[in-house]
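Please look through the sequence and the coordinates below before reading on. The paragraphs after them take one part of the fold at a time.

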Amino acid sequence: MAILRCNSCAYLREIANEHIGKSVKCPVCEQTAVIHDSVAFIKKLIEKYGVLLAKYRNLEQSASQESEAAPAMNFPGKIEDLDLHNTAVMGNSKQYQPIVNWFERKNVQIEVNHEALDTQGFYDEIAVELGDNIDVLQEVLDKIRKTQRNNYTSVTLNLSNYSQNQIKTMTAFCKNLYDFSFVAKYFYDKNEKRARLTLQTAPAIVSFFNGEWLEWYVFMKLLKQCYENNGLFSCLRNFNIQFANEDKYEVDVFFLLNSRIPVFIECKSGEFRSYIEKYNKMRRRLDIDKDNFLLLVFGISDEQVLGLTKMYDITFVNEKTFIPHVASLVSK
């Protein structure tokens, strides 16, 4: 039998299967109600129960921890209530403690990098702007990285072959680089359609353009996704782990969803092939399911994503597929 369940007054009754999927008026409150397949309806209830149970257990665990820790996390319910691009709240030990506990249960020690969780600087904003517009901004990034590798500081961008919208995106990005002090100087000649940049030489800025921007991009996009969905999660970025035999590794991004779903993400914006076996072994040592251990390789095609995932014991994603993939882990 199918089920008629009214969301307005909670009226519930059995209906013949031939009516599955139809919308009818509730006989009690006359609001529109949908007739559900019984098995599918029960599965949804079980899923919701599992999520609520995970939240309860996490709260129960947090309540039992000693009071000397930092105040408990209390995320507002709406994305506009917290500026994710300007907060130190992710560095609160209560936020990432479930991840620490997860690794410790596997006899793995963890060293948290609190600076990597502080979004009060501008690395995260620039990373998201770059990643969201990479189809247009790729040349800007390539020119900056090439100039850095050659130990020069002067970059000239010829924009004469780009459309007006593309030029607008590129010059706005360069202006933000200057406003946020990622470059020392910026000038755009409208007549010649040339943008000139003088680069900063600080190691942190060089590292950012050399690949760390991708870590920030992945972290912020996944953080926003989790927060907007109002789910229970913990997160860390750019931290170190140490196994019992004292082997040490750096981890780019790690999320723990609903207190039980680990998401391990390594980010590569350049050569990645020589690292595949390393991450194959790490996944096995951490005993993480293949679907949950991601090697995000910037710029590879969807066809490569599928082919490489078939070939190896880790899951490959690119900058466009990692969010849908993580969402699929939660819905399982």
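What follows is a walk through a predicted model, going from a sheet to the helices and then to a single side chain.

A convenient place to begin is the open sheet of 3 strands, which are arranged in the order β6-β8-β7 with antiparallel pairing. Because β6 and β7 stand at the edges and each has a single partner strand, one side of each is left without a neighbour in the sheet. From one strand to the next, the twist averages 15°. The pairing of β6 with β8 runs over 5 bridges in the antiparallel sense, and L157 is found opposite A195 of β8.

Two helices lie across these strands. Helix α4 lies across β6 and β8, and runs at about 150° to β6, while α5 lies across β6, β7 and β8, running at about 150° to β7.

Helix α5, which spans residues 164-179, has 16 residues and reaches 22 Å from its first C-alpha to its last, close to the 22 Å expected at 1.5 Å a residue. Its buried residues are I167, M170, T171, F173, C174 and L177. Seen down the helix axis, the buried residues of α5 fall within an arc of 155°, so they line one face of the helix. These buried residues pack against the three strands β6 (154-158), β7 (183-189) and β8 (194-199), and also against the helices α3 (123-132), α4 (134-149) and α6. On the face turned away from the buried side, α5 carries the exposed residues Q164, N165 and K168. After α5 comes S181, which has a positive phi, near 65°.

Helix α9, made up of residues 322-331, can be read in a similar way, with F322, I323, H325, V326 and L329 as its buried residues. They cover an arc of only 165° around the axis, which puts them on the same side of α9. The partners against which the buried residues of α9 pack are helix α6 (203-228) and the strands β10 (248-257), β11 (261-268), β12 (293-297) and β13 (315-317).

The last stop is a single residue of helix α7 (residues 276-286), namely N280. Is N280 buried or exposed? With a relative accessible area of 3%, N280 is buried, since the cut-off for that class is under 20%. The side chain of N280 reaches the backbone nitrogen of D313 at 3.4 Å. When its neighbours within four places in sequence are left aside, N280 is in contact with Y312, D313 and I314.

Key:
Residues are numbered from 1 along each chain as its sequence is written. This is a predicted model: local features need pLDDT of at least 70, side-chain atom pairs count only at pLDDT 80 or more; totals for chains, interfaces and linings use all residues. Side-chain values use heavy atoms; hydrogens and water are left out. Buried means under 20% relative accessible area, exposed over 50%, partly exposed in between (1.4 Å probe, protein chains only). Helices (H or I, at least four residues) and strands (E, at least two) are DSSP runs, numbered from the N terminus. The arc is that of the directions from the helix axis to the C-beta atoms. Contact means heavy atoms within 4.5 Å. The expected span of a helix is 1.5 Å times one less than its number of residues. A polar contact is a pair of N or O atoms within 3.5 Å; within protein, one must be able to donate a hydrogen and the other to accept it, and residues adjacent in sequence count only if both atoms are side-chain atoms. Two strands pair if DSSP finds at least two bridges between them. Axes are lines fitted to C-alpha atoms, for helices over the stretch in contact, and angles run from 0 to 180 degrees between N-to-C directions.
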